[in-house]
2 protein chains.
Amino acid sequence: MIELTSRDEEVLGAVVTDYIKTGEPVGSRTIAKRYGLKVSSATIRNVMADLEEMGLLQQPHTSAGRVPTEKGLRFYLDSIIQFKKLQGQERAMIRRAFQETTTDFKDLLRRTSRILSRFCQQAGVVLWPKLTVTRFKHIEFIRIRARQILMILISKSGLVHHTSIDWEEDISQDELDKYSRYLNELLEDIPLGEVKERILEEMRKEKVLFDQLYSRALEMTQRIFQYSLGDADIYIEGQINLLKNPEFTDVDRLRRILEAFEDKSRIIRLLDMTLTASSGVQIILGPESDLADLSEIGLISSPYRRGDTLLGVLGVIGPLRMDYSRIIPVVEFTADLLSELLEDPVED
Amino acid sequence: MIELTSRDEEVLGAVVTDYIKTGEPVGSRTIAKRYGLKVSSATIRNVMADLEEMGLLQQPHTSAGRVPTEKGLRFYLDSIIQFKKLQGQERAMIRRAFQETTTDFKDLLRRTSRILSRFCQQAGVVLWPKLTVTRFKHIEFIRIRARQILMILISKSGLVHHTSIDWEEDISQDELDKYSRYLNELLEDIPLGEVKERILEEMRKEKVLFDQLYSRALEMTQRIFQYSLGDADIYIEGQINLLKNPEFTDVDRLRRILEAFEDKSRIIRLLDMTLTASSGVQIILGPESDLADLSEIGLISSPYRRGDTLLGVLGVIGPLRMDYSRIIPVVEFTADLLSELLEDPVED
DNA sequence: CGCTAGCACTCGAGGCGCATGAGTGCTAAT
DNA sequence: ATTAGCACTCATGCGCCTCGAGTGCTAGCG
């Protein structure tokens with residue numbers, strides 16, 4: 001563990017703050033003048049030399065100012081940072097942005113992502129919960145044409161999921177309706193994660209009991225649950241904001257990053273890392289993530305929930321140099337707000 | 001109408017071809033040497049001077065080669081261009097890309113968009129058809145909680161659309177089921193575009209006939225159809241490919257364009273322009289579109305259909321300087337392929 | 001009369017040198 | 001321990017120059 005005197009911390013804090021603001025290496029004079037330290041620039045220089053030795057700062061070249069290293073940034077985030085409290089006005093703005101709210105779940109998440117991106121001027125991201133955490137509400141089979149069946153699954157919270165499947169034999173709509181009724185009863189209120197087991201269990205019973213009348217229904221459901229559920233998905237919005245960061249004027253660098261976004265599984269893994277941790281805002285700096293091509297970005301994230309169950313994670317992705325002191329409160333507030341919106345008004 | 005000698009056309013064609021390939025202004029020598037014209041560079045120079053006078057070419061600065069103007073490009077596209085025939089191999093590749101096909105409609109369109117972007121190394125775009133062209137198949141109301149109802153609408157082709165609405169009074173699921181049954185019968189096989197009228201008509205009847213039993217169902221449906229349907233949507237994929245074009249290394253320019261993409265209604269309008277024209281590949285050059293911020297891009301598009309009905313438009317968006325001779329066949333082929341995939345295998 | 005060879009001219013791109021100044025590290029004095 | 005002072009470093013920007021790709025024009029050729 002690193003031990004710093006309070007002056008060291010002040011200096012490190014000042015360097016990070018200034019660097020975040022300007023994007024330029026910070027010199028000793030600037031700090032002595034602008035950050036209310038009661039010492040001369042020469043002293044600052046000595047301190048900075050120490051910090052450099054500790055690996056918290058670095059010099060792009062000999063005659064330039066200092067820039068925080070990733071380690072220095074991490075230390076700043078862990079120990080020194082002071083948040084800008086969110087103004088009532090800003091809170092109101094975010095709240096208002098949520099106002100024109102559809103009741104559609106996916107829309108809500110996408111909008112959240114957009115709000116994050118707009119308020120932080122970076123890319124906003126929302127991890128869409130695995131379906132498995134929600135409870136079964138309703139299932140419906142619809143015969144689209146011969147041997148093609150559309151299945152619609154609705155969760156208790158109003159999430160709609162649909163897949164169409166090809167089935168070997170043609171099944172009439174009447175028959176399918178029977179299946180629906182049967183399954184709706186069978187699966188009532190079961191968490192979607194447990195449906196598979198429930199079905200298996202039932203299949204064993206059925207085989208013996210009433211002559212496989214519904215075994216086809218069970219098999220069908222089984223097959224559907226096999227694939228399409230399970231996997232999480234994400235919404236990334238406002239990637240264009242990343243273009244505004246001077247660090248990404250280099251097109252090649254930017255492209256590498258956006259290409260990494262293309263492959264969403266990477267980002268999902270990144271977000272998953274923060275999902276395990278029970279709560280609060282988390283920050284992952286690219287280099288810590290061990291994910292190639294993501295080394296130049298940072299993620300500020302917070303889980304959101306409905307009542308007691310963790311649903312997913314939302315956050316902001318930007319360059320390592322971003323205004324953490326402002327974005328962190330925004331992310332936190334947004335997560336709270338979203339959780340609040342998801343709270344069932346009346347549960348019955 | 002412009003009249004050109006065949007040599008003029010050859011020269012113009014060569015300039016455009018070379019410019020498209022290299023992105024650099026083209027000099028007279030290059031053309032004389034590389035494009036099999038049997039005349040000297042001096043002659044070419046004279047021809048080019050003529051073409052410039054006609055507004056088909058222009059010079060970035062006095063001592064540079066020529067670059068086609070938008071007018072020149074248009075002329076080239078209308079009269080001179082020769083398509084590279086799509087190799088059987090390429091066809092096979094595109095076909096294969098479609099292979100791993102979900103039966104989900106939206107997925108299919110999104111994938112199409114991605115395929116276009118990948119094969120043309122530009123942004124792919126697919127206009128998602130207005131729901132109104134398809135026919136009614138099934139409707140279902142589900143009570144999510146008190147006073148919140150989820151409506152699911154399924155079209156004959158397996159398209160799923162859902163919205164949730166807040167209703168003033170609480171309605172029991174049993175009651176809602178009645179509505180569903182009633183409406184399913186009432187609206188059977190009606191084009192979604194005509195549902196509104198059908199409902200209005202029915203409302204008039206109902207009011208008199210059986211005591212407004214279903215008037216609530218009608219009103220509900222009415223309200224839903226009011227909003228959420230009707231509007232088209234698009235999938236744009238592979239915007240990152242645009243970064244590869246040297247004309248977009250200038251970040252500001254790129255940002256303007258991507259911001260224009262953000263506001264999808266603009267692009268929709270652009271695509272709509274080509275939807276009216278009954279068929280075949282169409283090309284719109286940015287400056288012709290009268291849409292601000294889109295002046296630096298070109299669109300190559302083709303409608304796709306199911307059987308006889310036009311469903312939507314797909315295409316490729318890129319800089320004005322792109323490889324039309326290759327992209328046009330790709331777009332055409334893809335549109336055909338998609339139409340083919342959408343063809344109902346067995347209609348019943 | 002159309003084509004071409006030749007030539008003078010234009011002008012952007014890129015390389016070089018130099019001055020500038022922000023910033024450093026070190027040393028000696030307080 | 002802090003600071004003033006100084007010599008040193010090096011990226012940046014500017015002016016200058018050269019180079020060469022490309023042009024337009026003119027005169028001569030078939």
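This passage walks through the contacts between two protein chains, the surfaces next to two DNA strands, and a few helix pairs in a predicted model.

The contact between the chains comes first. Here, 30 residues of chain B touch 30 residues of chain A. Looking at the chain B side, the elements that put in two or more residues are the strands β4 (136-145), β5 (148-155) and β6 (160-166), along with the helix α10 (251-262). Of these, α10(B) has the largest share, with 6 residues. In terms of chemistry, that side of chain B is a mix: 13 of its residues are nonpolar, 8 are polar and 9 are charged.

Next comes the DNA, starting with strand C. There are 20 residues around DNA strand C, and those that come nearest are Gly27(A), Ser28(A), Val39(B), Thr43(B) and Ser63(B). Two or more residues of this surface come from each of α2 (28-34) and α3 of chain A and α3 of chain B. The top contributor is α3(A), which gives 4 residues. Sorted by class, the surface near DNA strand C holds 11 polar residues, 6 nonpolar ones and 3 charged ones.

Strand D also has 20 residues around it, and the nearest are Val39(A), Thr43(A), Ser63(A), Gly27(B) and Ser28(B). For this surface, at least two residues each come from α3 (41-53) of chain A and from α2 (28-34) and α3 (41-53) of chain B. With 4 residues, α3(B) makes up the largest share of the surface near DNA strand D. The breakdown there is 6 nonpolar, 11 polar and 3 charged residues.

Within chain A, α3 also packs against another helix. The axes of α3(A) and α1(A), the latter spanning residues 6-22, come within 10 Å and cross at roughly 85°. The two helices are therefore roughly perpendicular to each other. On the α1(A) side, the residues involved are Arg7(A), Asp8(A), Val11(A) and Leu12(A), and they meet Ile44(A), Val47(A), Met48(A), Asp50(A) and Leu51(A) of α3(A). No polar residues take part in this contact, which is made up of 6 nonpolar and 3 charged residues.

A second pair in chain A brings together α6 (residues 105-120) and α12 (residues 324-342), whose axes sit 10 Å apart at an angle of about 160°. Because of that angle, α6(A) counts as roughly antiparallel to α12(A). The crossing of this pair is right-handed. From α6(A), the contact draws on Thr112(A), Ile115(A), Leu116(A), Phe119(A) and Cys120(A), while α12(A) brings Ile327(A), Val330(A), Val331(A), Thr334(A) and Leu338(A). Charged residues are absent from this contact, which has 8 nonpolar and 2 polar residues.

Over in chain B, α12 (residues 324-342) is paired with α5 (residues 88-99), their axes coming within 11 Å and crossing at roughly 40°. That angle makes α5(B) oblique to α12(B). The pair crosses in a right-handed sense. Arg91(B), Ile94(B), Arg95(B) and Phe98(B) of α5(B) face Phe333(B), Thr334(B), Leu337(B) and Leu341(B) of α12(B) in this contact. By class, the contact of α5(B) with α12(B) has 5 nonpolar residues, 1 polar residue and 2 charged ones.

Definitions and conventions
Residues numbered from 1 in each chain as written. Chains lettered and ligands numbered in written order. Predicted model: local features only at pLDDT ≥ 70, side-chain atom pairs only at ≥ 80, totals over all residues. Contact = placed C-beta atoms within 7 Å. Nonpolar A, V, L, I, M, F, W, Y, C, P; charged D, E, K, R; others polar. Near = placed C-beta within 6 Å. Axes fitted to C-alpha atoms, helices over the stretch in contact; angles between N-to-C directions. Parallel < 35°, antiparallel > 145°, perpendicular 65-115°, else oblique. Left-handed = near helix turned anticlockwise from the far one by under 90°.
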